[in-house]
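Reader: I would like to go through this model by question and answer. Please keep each reply short and end on the value or name I ask for.

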Amino acid sequence: MKRLITLSLLAISLSAIAQSQPRILCGNEFLPDIMEQRIPGYKAAVRHSFDQAKQHSPQRQAGYTYTIPIVFHVVYGSPAENLDDSIIMSQLQVLNDDYSRLNADTSNTISYFDSVAADTHIRFVLQGIQRVSTVNSFSFSFFGLPDSLIKFTAAGGDDAVDPDHYLNIWIVNIQASFFGQLLGYSYPPDSMANWPLGSAATQKPYDGVVLDYRTVGANNPNPLNFGGMNLIERGRTGTHEVGHYLGLRHIWGDGATLGANDCHQSDGIDDTPFANTQSNFDCDTTRNSCTGVETYYGADAPDMVQNYMDYSAETCMNLFTKGQAELMQGTLDHSRPLLATKTATAIKQISPSALTIYPNPATGIVFIPYSENTNPYTSIQVSNMLGENISLSQSAASGAVRLNMSSLPMGIYTIDITKGTQHIVKRVVVSR
Ligand SMILES: [Zn+2]
């Protein structure tokens, strides 16, 4: 978030960093501490702005699904950095799974937070993949983030594609530096009440997300070793950074990045409990760093270490909350109004477990059962991993809709099923 950090401002912060173990950063954690040094009382002012935002920000429009087109820019130096399409498609799948709560590890969500875990109703489709070979190297230094080298074709990077209408994601090799290993970074939109002034991209072509190439996709063959740790990467740096891009703060509120202990700084969202600092790439679901009754829960809730916006292990993360979903939807309604296509969704989202489609995996014919006398489904829409709609022949068999998927290539398909005001999203694997 901070692009030009002077040496003097960092002097105090750096001693704290040097004492701690190797740090892996997402790139937007330094700002509050640096700003507090510069403007005493800054953090309190941010807290106040959170409260104001909650009281005055316009409500999002409920009942819509938001679809965001993504342009990936692979800016590579070595063949390994020039990621295969299959890895980028896996990243797209991770984003869609995590934002729709169709991720396989939802069952790991601790029961305390089951009721607040949410489908964000935000979806992603592939607009394009652009590849540029470069001789540049990229790192986070005293001089800031390497945007000028990554995001301009004339400087050896790749120009953004219309940042108002597309989410641009650059994939590069980010070198480790004195600050640690930066996994990725992104910018929130302008004038979000829950972000300090100056957090947004300073110029439009910078807007978007940058990911280290080793963090991309759930099938990435490139290991990420840092400070003796071999990190398991499953594409959730992307989930996290897109969360910032859509306006989310870190779950601990960024109040205590450098080892202090702050149970007052909120992320501005009611159903994410207070935490005094970040997780440390682990998964201690019993941690309760801030005691006291949380208003939303009416109890002393534990830290929500499984949230995508903490610094937990990727194998630990598995949820966004309803409050986070509403904030991101509000961002798309008001702060990034040209980005997503909005489609009215059925009013009631039904859990995928309420309907069994068979056989799954399938080779050809798939049945979508019903108990009524006649076919009750308003619409059944199939799409592929690219988010493209596929027209398939459907016919009513006895007690089930018969869907012929035999012409489709092997892969994972999404079936959006509407039944009156109810909506279910199912996944079907075609395998032969
Ligand atoms: Zn972050």
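Author: A starting point is helix α7, where Gln324, Ala325, Leu327, Met328, Gln329, Thr331 and Leu332 are buried. The model is a predicted one.

Reader: What covers the buried residues of α7?

Author: The buried set in α7 includes Leu327, Met328 and Leu332. The elements that cover the buried residues of α7 include β2 and β3.

Reader: What distance does α7 reach from its first C-alpha to its last?

Author: Helix α7 covers residues 322-335, which is 14 residues. At 1.5 Å a residue the expected figure is 20 Å. The model comes close to that, with a reach of 19 Å.

Reader: Where in the chain is confidence lowest, and where is it highest?

Author: The mean pLDDT of the chain is 84, with 83% of the residues at 70 or more. Confidence is lowest in helix α1 (residues 7-19), at a mean of 31. Over residues 1-22 the pLDDT is below 50, although this stretch has 38 contacts in the model beyond near neighbours in sequence. The lowest confidence is thus in α1, and the highest, at 98, is in strand β5 (residues 167-172).

Reader: How many helices and strands does the chain have?

Author: The chain has 432 residues, of which 42% count as buried. Of the contacts with a separation of 6 or more, 73% are between residues 24 or more positions apart. The secondary structure comes to seven helices and 20 strands.

Reader: Is β5 enclosed or open, and how many of its residues are buried?

Author: On one side of β5, Leu167, Ile169 and Ile171 are buried. On the other side, Asn168, Trp170 and Val172 are buried as well, so both faces are covered. In general, side chains in a regular strand alternate between the two faces of the sheet. Strand β5 is therefore largely enclosed by the rest of the structure, with six of the six residues buried.

Reader: Which strands run parallel to β5?

Author: Five bridges join β2 to β5 in the parallel sense, and Ile70 has Leu167 of β5 as its bridge partner. Four bridges join β5 to strand β9 (residues 209-212), again parallel, with Trp170 opposite Val210. The strands asked for are β2 and β9.

Reader: What is the distance between the end C-alpha atoms of α4?

Author: Helix α4 (residues 85-100) has 16 residues. At 1.5 Å a residue it should span 22 Å. The model agrees with this, because the end C-alpha atoms are 22 Å apart.

Reader: What covers the buried residues of α4?

Author: Ser90, Gln91, Leu92, Gln93, Val94, Leu95, Asn96, Asp98, Tyr99 and Ser100 are buried in α4. The elements that cover these buried residues include β2 (64-76), β3 (122-133), α6 (236-245) and β20 (422-430).

Reader: Is Arg101 buried or exposed?

Author: Arg101 comes just after α4, in the loop between α4 and β3. Its phi is near 55°, a positive value in a residue other than glycine. A residue counts as buried at 20 or more other C-beta atoms within 10 Å. Arg101 has 21 C-beta neighbours inside 10 Å, so it counts as buried.

Reader: Asp162 has a positive phi too; is it buried or exposed?

Author: Asp162 has a phi of about 25° although it is not a glycine. Asp162 is found in the loop between α5 (147-150) and β5. The cut-off for exposed is 12 or fewer neighbours. With 12 C-beta neighbours inside 10 Å, Asp162 therefore counts as exposed.

Reader: Which residue in the hairpin of β17 and β18 takes a positive phi?

Author: Strands β17 (residues 394-397) and β18 (residues 400-404) pair in the antiparallel sense over four bridges. Gln394 has Leu403 in β18 as its bridge partner. The hairpin has two residues between the strands, and the one with a positive phi, near 75°, is Gly399.

Reader: Which peptide bonds are cis in the loop between β13 and β14?

Author: Pro359 is found in the loop between β13 (348-349) and β14 (365-369), and Pro361 has its place there too. Omega is near -10° for the bond into Pro359 and near 5° for the bond into Pro361. The cis bonds are Tyr358 to Pro359 and Asn360 to Pro361.

Technical notes. Residues numbered from 1 in each chain as written. Predicted model: local features only at pLDDT ≥ 70, side-chain atom pairs only at ≥ 80, totals over all residues. pLDDT = per-residue confidence, 0-100. Contact = placed C-beta atoms within 7 Å. Expected span 1.5 Å × (residues − 1). Pairing = 2+ DSSP bridges.
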